Amino acid sequence: MSQEAQTKRPETDFSKLETVTISLNRPAKWYMYIVKKVLKARGSVIIRSRPSAAGQAIRVAEALNRLKYVEYTGYQTSTLETPNKNLVRFFNISVKKTKDFDRLFDEREVERKKILETQQ
């Protein structure tokens, strides 16, 4: 087995993801792309974040809504207890894809591939 094959991560199965957890470690556009990939496979997703990254989660959801990719279905906060009795809080935004989602997604993928080709 080659070194590259050993270090390559397996492909993510977006149809199995129910949530996309947002942090401040990556740009909002990266998370927008991941949310769109999950929506393409599932139709709905929960965008969630810790309270410190709630602004980033809102930025992602609002941008996708403004671009007509998603509709809001709800939002809430949740608290989970870890095995060592710590409380972990999350801000959750539930979204579903719009009727125009597939057309918009496919058009954007064509543009994205052209951009990637010109960069190589």
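Let me start with helices α2 and α4, whose axes come within 11 Å of each other and cross at roughly 130°. With the cut-off for roughly antiparallel set at over 145 degrees, that angle makes α2 oblique to α4, and the crossing is left-handed. Please keep in mind throughout that this is a predicted model.

From the α2 side, the contact is made by Y33, K36, K37, L39 and K40, and these meet F101, D102, F105, D106, R108, E109 and R112 in α4. If we sort that contact by class, we find four nonpolar residues, no polar ones and eight charged ones.

Given that count of charged residues, I went through the salt bridges, of which a search of the whole structure finds nine. One of them sits in this very contact, where K40 pairs with D102 and the closest N and O atoms are 3.3 Å apart. This pair links distant parts of the chain, since K40 belongs to helix α2, residues 28–42, while D102 belongs to helix α4, residues 101–119, with the two positions 62 residues apart. Are these two partners buried or exposed? Neither extreme applies: K40 counts as partly exposed because its relative accessibility is 33%, and D102 is likewise partly exposed, at a relative accessible area of 32%.

Staying with α4, there is a second salt bridge to look at, between E109 and R112, with the closest N and O atoms 3.6 Å apart. Here both partners lie in α4, three residues apart, which is about one turn of the helix. E109 has a relative accessible area of 13%, so it is classed as buried, whereas R112, at 27% relative accessibility, counts as partly exposed. There is also a network, in which salt bridges that share partners join K40, K97, D102 and D106.

Now to the other neighbour of α2 that I examined, namely helix α3, residues 54–66, where the two axes come within 9 Å and cross at roughly 60°. Because an angle has to be under 35 degrees to count as roughly parallel and at least 65 to count as roughly perpendicular, this one makes α2 oblique to α3. The crossing of α2 and α3 is right-handed, whereas that of α2 and α4 is left-handed.

Which residues make the contact between α2 and α3? On the α2 side they are A28, Y31, M32, V35 and K36, and on the α3 side Q56, R59, V60, A63 and L64. By class, the residues of this contact divide into seven nonpolar, one polar and two charged, which we can set beside the four nonpolar and eight charged residues in the contact of α2 with α4.

Let me turn to the loops, beginning with two backbone angles. Most residues other than glycine have a negative phi. Against that background, K68 has a phi near 70°, a positive value in a residue other than glycine; K68 lies in the loop between α3 and β3, and with a relative accessible area of 54% it is classed as exposed.

The other case is K85, again with a positive phi near 70°, and this residue lies in the loop between β3, residues 70–81, and β4, residues 87–97. K85 is exposed because its relative accessible area is 62%. The side chain of K85 also meets that of E81 in a salt bridge, at 3.8 Å from N to O, and E81 is exposed as well.

One further loop residue is D13, found between α1 and β1 and partly exposed at 37% relative accessibility. The C-alpha atoms of D13 and V38 are separated by 8.7 Å, although the two residues are 25 positions apart along the chain.

Finally, the overall frame. The chain has four helices and four strands, and from the N terminus on the elements run α-β-α-β-α-β-β-α. Its C-alpha trace spans about 50 × 45 × 25 Å along the principal axes, and of its 120 residues 30% count as buried. If we take the contacts with a separation of 6 or more, 65% of them are accounted for by residues 24 or more positions apart.

Note on methods:
Residues are numbered from 1 along each chain as its sequence is written. This is a predicted model: local features need pLDDT of at least 70, side-chain atom pairs count only at pLDDT 80 or more; totals for chains, interfaces and linings use all residues. Side-chain values use heavy atoms; hydrogens and water are left out. A salt bridge is a side-chain nitrogen of Lys or Arg within 4 Å of a carboxyl oxygen of Asp or Glu. Buried means under 20% relative accessible area, exposed over 50%, partly exposed in between (1.4 Å probe, protein chains only). Axes are lines fitted to C-alpha atoms, for helices over the stretch in contact, and angles run from 0 to 180 degrees between N-to-C directions. Angles under 35 degrees count as roughly parallel, over 145 as roughly antiparallel, 65 to 115 as roughly perpendicular and the rest as oblique. A crossing is left-handed if the near helix is turned anticlockwise from the far one by less than a right angle, and right-handed if clockwise. Contact means heavy atoms within 4.5 Å. Ala, Val, Leu, Ile, Met, Phe, Trp, Tyr, Cys and Pro count as nonpolar, Asp, Glu, Lys and Arg as charged, and the others, Gly among them, as polar.
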